[in-house]
Amino acid sequence: MAIGPRLELRQGQALVMTPQLQQAIKLLQLSNIELTAYVEQELERNPLLERQDGEGSAEDARDSFEVAEGGGDPARLDLDGDASVVSAREAMDVEADGPDSGADAYGYGGEGGGLGPSDSYIAGRGGDMRFEDGESSLEQTLSEDLSLRAHVEEQWRLVPASPAERLIGQALIDSLDEAGYITESLADLADRLGAPLSVAEAVLAKLQQIDPAGLFARSLKECLALQLRERNRLDPAIQALLDNLELLAKRDIPGLLKVCGVDQEDLTDMIKEIRALNPKPGLVFGGEPVQTLIPDVFVRRGPDGGWLVELNNDTLPRVLVNTRYYARVARSKPEAKGEGRGGEGKGEREKATKSYLSECLNSANWLVKSLDQRAQTILKVASEIVRQQEAFLRHGIDHLKPLNLKAVAEAIEMHESTVSRVTSNKTMATPRGIFEMKYFFTASIGATDGGDSFSAEAIRHRIKDLIDAESADDVLSDDKIVEILAGKGVDIARRTVAKYREAMNIPSSVERRRLKKAGLLPVG
C-alpha cells in the first residue's frame, strides 16, 4: 500500500463547552456578592448593559430594555420541578398593577402544612433603607467606633513624660497589634531609637498602666498578670499558675497542684479567675468592620402554615439591555465612500463598529438569560431542600434527614453536578438560623429496626447533648453512649461515636470525669 497524503471526510458527535455555556456554569457557583462583582465587570466592558438604579416606569422598561436577574422573568415552581415562565411583558404588567397582584415568593403550603405551589414570584426591589420623610436610617448616621490607637494616644498625652519618653512611647504605640500586644522586641526598639533599654522599660511600664489593663503586653502571661495586678490578685500561687500555662492547656491538674502548692478547691478558683480575664484586651475597641453573613435565599413560614422560599433580591444585580441604543446605531447609514483611502477607512470603521455592537448585544442577551436561569435553578434546588428537610425546619436538628445530591437532582430532574454548583457558596436563612446549603446534605446512619435512617449531623447533636447533660459522678463512656443510642433505634458503632466526639473536640470519658470534678468543664 502506497504511503501519501490524502483527504478524508469524517462525521462524528462531541460535547463542546461553548464560552456561553462556560459562563452559565460559572455563574451558578457564585454567591450573590460574587455575582455582583462579576456583573460590575461586565457593565464596564459592555456598553449595552446598564444598571437599573431607579424604579422607572413599566412602560419605559417594556419599550427599551430587557430585564435581568433581580427584576426579570418570574416563574411558578410546581411540585414536580417544572417551571412555567411568565414573559417579561406580563411580569411588568403585574408589577405596574400593584403589589397585591401577585405573591412575593415561591410558596409551598396547604392544608396540614404540606408543600404546594403558590402564586408566581415577583422579584422585589432593593434600595437604601429610608424613613417616610426621606431621611436616612439610623444605621447610616452612626459614628465610627473609637480605635485602639486613638484611645491609647489620648491617654498617653495625659501621662507626664519627657520629649524622649514621648518618642519612645509613640514608637511602642505604633508597634501595637489589634489585640493590644507589642509586636516588636523592646530591645530592638530601643536600639533602633538609640535609647537606653532601661528608659524604654520605664516608658513601657507607664504605658501598661493605661486602661484597660493588659495592653502593651509582650506575651499572654504578661497580659494576664497585668490584669491580675490591677485587681490585686497577683499572689505567688497564681503567678506559678501563669508560669505554667502549658500545663493548664494540657489540663494537667496533678502537675498544676504540684507547682502551685495549693489544694484542689483553690486551684479551681484560680483557674476560674484566669478564665474571667480578657486575653486580647485590644479587641474591645473598634477595628475592622465585621463582615455580616448575607444569605442568598430566605425561607419563612407562610400564612397557611407552609414554607415560602425566595431569593435575596437586595444582593442581586439588576441589569438592563439597552436595545434602543443598539437599534439607533444599527439603523444609522454609513456615509458615502469618498474617493481615496479616507472613505474606505471610514466605511470599514462603520462596519467594525456594528460588528462590535452586535457582539455586545449577543453577550448582553446571554448574560440576561444566564442570570435568569441561575435564579430559577437556585430556587428549584432550595425549594426541594426545604421540601426534603421540612421536619428539621419545624422541629429542629433532631429531625434532620439524611440527604445527598442525587436525591435532589432526581427530584428536580437535573444533573448532580448542577446541584453541587448551586449549593456551593450559598447560604439559606431559615427560622432555625442561617446555614450553608451544603449543611442539609448529610450522611445516613442506619436504624436498628431497619426503619428510616438517621442523619449523621443529628446523631452528632444527640451525642453532644448526652455529654453536656452528664454529671461528674456519672460520665458516659463511648460504649454507654452506643447503648443509649441503640435504645433509641440508632445503629452506630463505638468507633463512630469516638470519631464524632473527637471531631467536636470533646475529651474522653476519663478526662471529662477529671475535668468536671476539677470544675474545668460544665456539669449538666
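In which helix is Ala409 found? Ala409 belongs to helix α17, which covers residues 405-412. Please keep in mind throughout that this is a predicted model.

Let me stay with Ala409 for a moment. Its relative accessible area is 3%, so Ala409 falls under the 20% limit and is buried. Once its neighbours within four places in sequence are set aside, Ala409 is in contact with Met414, His415, Glu416 and Val419. I would also point to Val381, which is 28 residues away from Ala409 along the chain; the C-alpha atoms of the two are separated by 8.2 Å.

Now the protein as a whole. The model contains 22 helices and 12 strands. There are 524 residues, and 41% of them count as buried. Among contacts with a separation of 6 or more, 65% are accounted for by residues 24 or more positions apart.

I turn next to the strands, beginning with β6. Strand β6 spans residues 297-301 and is joined by 5 bridges to strand β7, residues 307-311. These two strands run antiparallel, and within the pair Val297 stands opposite Leu311 of β7. The hairpin of β6 and β7 has 5 residues between the strands, and there Gly305 adopts a positive phi near 95°. Strand β6 also pairs with β9, residues 427-430, through 2 bridges, and here the strands run parallel. In that pairing, Phe298 is placed opposite Ala429 of β9.

The next topic is the salt bridges. How many does the rule give? The count comes to 23 salt bridges. I shall take three of them individually.

The side chains of Glu165 and Lys206 meet at 3.3 Å, N to O. Glu165 sits in helix α6, residues 163-174, and Lys206 in helix α8, residues 197-207, so this salt bridge ties together parts that are 41 residues apart in sequence. Glu165 is buried, with a relative accessible area of 16%, whereas Lys206 is partly exposed, at 27%.

A second salt bridge is formed by the side chains of Asp243 and Lys221, at 3.4 Å, N to O. Asp243 is part of helix α10, residues 236-243, while Lys221 is part of helix α9, residues 220-230, so the pair links parts 22 residues apart in sequence. Both partners are partly exposed: Asp243 has a relative accessible area of 38%, and Lys221 has one of 36%.

The third example pairs Arg251 with Glu511, whose closest N and O atoms are 3.6 Å apart. Arg251 lies in the loop between α11 (245-249) and α12 (253-260), and Glu511 lies in helix α22 (residues 509-517), so the salt bridge ties together parts that are 260 residues apart in sequence. Arg251 counts as partly exposed at 31% relative accessibility, as does Glu511 at 22%. Beyond such pairs, salt bridges that share partners join Asp478, Asp479, Arg494 and Arg501 into one network.

These residues bring us to a pair of helices. Two packed helices are described by the angle between their axes and the distance between the axes. What are those values for α20 and α21? Helix α20, residues 478-487, packs against helix α21, residues 494-503, at an angle of about 110°, and the axes are 9 Å apart. Since angles of 65 to 115 degrees count as roughly perpendicular, α20 is roughly perpendicular to α21. On the α20 side the contact is made by Asp478, Asp479, Ile481 and Val482, and on the α21 side by Arg494, Val497, Ala498 and Arg501. By class, this contact has 4 nonpolar residues, 4 charged residues and no polar ones. The network described above, of Asp478, Asp479, Arg494 and Arg501, is thus made up of residues that also take part in this contact.

Finally, helix α21 itself. Which residues of α21 are buried? They are Thr496, Val497, Ala498, Tyr500 and Arg501. What covers these buried residues includes β11 (444-445), α19 (456-469), α20 and α22. Just after α21, Asn505 takes a positive phi of about 60°.

To close, I return to two points. Ala409 of α17 is buried, and the helix pair α20 and α21 has a contact with 4 nonpolar and 4 charged residues. Thank you.

Terms used:
Residues are numbered from 1 along each chain as its sequence is written. This is a predicted model: local features need pLDDT of at least 70, side-chain atom pairs count only at pLDDT 80 or more; totals for chains, interfaces and linings use all residues. Side-chain values use heavy atoms; hydrogens and water are left out. Two strands pair if DSSP finds at least two bridges between them. Helices (H or I, at least four residues) and strands (E, at least two) are DSSP runs, numbered from the N terminus. A salt bridge is a side-chain nitrogen of Lys or Arg within 4 Å of a carboxyl oxygen of Asp or Glu. Buried means under 20% relative accessible area, exposed over 50%, partly exposed in between (1.4 Å probe, protein chains only). Contact means heavy atoms within 4.5 Å. Axes are lines fitted to C-alpha atoms, for helices over the stretch in contact, and angles run from 0 to 180 degrees between N-to-C directions. Angles under 35 degrees count as roughly parallel, over 145 as roughly antiparallel, 65 to 115 as roughly perpendicular and the rest as oblique. Ala, Val, Leu, Ile, Met, Phe, Trp, Tyr, Cys and Pro count as nonpolar, Asp, Glu, Lys and Arg as charged, and the others, Gly among them, as polar.
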